[in-house]
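Hi everyone, thanks for making time this morning. Let me put the structure up on the screen, and then we'll walk through it together.

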Amino acid sequence: MYILPKIHKNLQNPPGRPIVASTDSLLAPVSIYLEKIFTPLICNTTSFLLDTGAFLDHIKTISPVPADSILVSFDVKDLYTSIPHSHDINSTRWLLSRANMDPNLIEFCCDLLSIVLTNNYFLFENTYYLQIKGSAMGSNIAPPYANAYMAHFEENLIYNHSLFRTHSVIWKRFIDDIFCV
């Protein structure tokens, strides 16, 4: 485990984001397998942005927005480590179902995901820990796991809301960073 300083929060005393590097873990091959299945599906979700370049390219294509528009950018606090496993298993099931996958393959992938999420043990200062909620940042499955949760959340609670339909001009998301007009 290592700490990634979040200098955008505080330059003098930045808080740290713990990263559990799981590249050599027992479940890393399973996480890599799931990432290869989920990532192409995530790319087809409504608000998906691949990276900063994709965001900048998207911004260039926007026709002038109404003069009274408000540009908003926000971040979901601690998304990776806050998602209850049962919720995101359902989100990934939803994502796989949208792709018309075989129901047996969907359940197999959800079972594998559950194994990866509920067996995330790591060693820190000679003590073993088990992460009991969310996904370890540093796992291959973490970004598609978080993306599936957010896409499912948006489909169920954002896009159908009357205020969103009435007032939203743009809604784009890179994992848990959202830009809207």
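Let's begin with strands β3 and β7, residues 72-75 and 177-180, which run antiparallel to each other and are joined by four bridges. When I say that two strands pair, I mean that DSSP finds at least two bridges between them. The strands and helices themselves are DSSP runs, E over at least two residues for a strand and H or I over at least four for a helix, numbered from the N terminus. Before I go further, this is a predicted model, so please keep in mind that local features need pLDDT of at least 70 and side-chain atom pairs count only at pLDDT 80 or more, while totals for chains, interfaces and linings use all residues. Residues are numbered from 1 along each chain as its sequence is written, and side-chain values use heavy atoms, with hydrogens and water left out.

Back to the strands. Which residue of β7 is the bridge partner of D75? That would be D177. On the β6 side, D177 is also the bridge partner of F174. Strand β6 covers residues 171-174, and its pairing with β7 is antiparallel too, over four bridges. These two strands make a hairpin with two residues between them, and in that turn I175 has a positive phi of about 55 degrees. As a reminder, most residues other than glycine have a negative phi, and most peptide bonds are trans.

Now, the salt bridges. How many does the structure hold? There are three, where a salt bridge is a side-chain nitrogen of Lys or Arg within 4 Å of a carboxyl oxygen of Asp or Glu. One of them reaches β6: E154 pairs with R173, with 2.8 Å between the closest N and O atoms. E154 belongs to helix α6 and R173 to strand β6, so this pair ties together parts that are 19 residues apart in sequence. Buried or exposed, where does E154 fall? It is buried, with a relative accessible area of 1%, and R173 is buried as well, at 0%. For the cut-offs, buried is under 20% relative accessible area, exposed is over 50%, and partly exposed is in between, using a 1.4 Å probe and protein chains only.

The next salt bridge joins R93 and E107, at 2.9 Å from N to O. R93 sits in helix α4 and E107 in helix α5, so here the linked parts are 14 residues apart in sequence. R93 is partly exposed at 26%, and E107 is partly exposed at 34%.

That brings us nicely to α4. This helix runs over residues 85-98, 14 residues in total, and spans 20 Å from its first C-alpha to its last, close to the 20 Å expected at 1.5 Å a residue. The expected span here is 1.5 Å times one less than the number of residues. Its buried residues are H85, D88, I89, S91, T92, W94, L95 and L96. What do they pack against? The partners are α1 (28-42), α5 (103-118) and α6 (142-158), with contact meaning heavy atoms within 4.5 Å.

Just after α4 comes N100, with a positive phi of about 55 degrees although N100 is not a glycine. N100 is in the loop between α4 and α5, and counts as exposed at 70% relative accessibility.

D78 also has a positive phi of about 55 degrees without being a glycine. You'll find D78 in the loop between β3 and α3 (79-82). Its side chain meets that of K77 in a salt bridge of 3.0 Å, N to O. D78 is partly exposed at 38%, whereas K77 is exposed at 65%.

Last stop, the surface. M1, I3, F124 and Y129 form a nonpolar patch with about 360 Å² of accessible area together. Patches are made of residues with over 30% relative accessible area and no salt bridge, joining like charges within 9 Å and nonpolar side chains (Val, Leu, Ile, Met, Phe, Trp, Tyr) within 5 Å. The areas come from the Shrake-Rupley method with a 1.4 Å probe, and for residues only the protein chains shown count as cover. F124 lies in strand β4, residues 121-124, and is partly exposed at 32%.

Finally, N126 is in the loop between β4 and β5 (127-130), exposed at 75%. N126 and I170 are 44 residues apart in sequence, and their C-alpha atoms are 48 Å apart in space. Thanks for listening!
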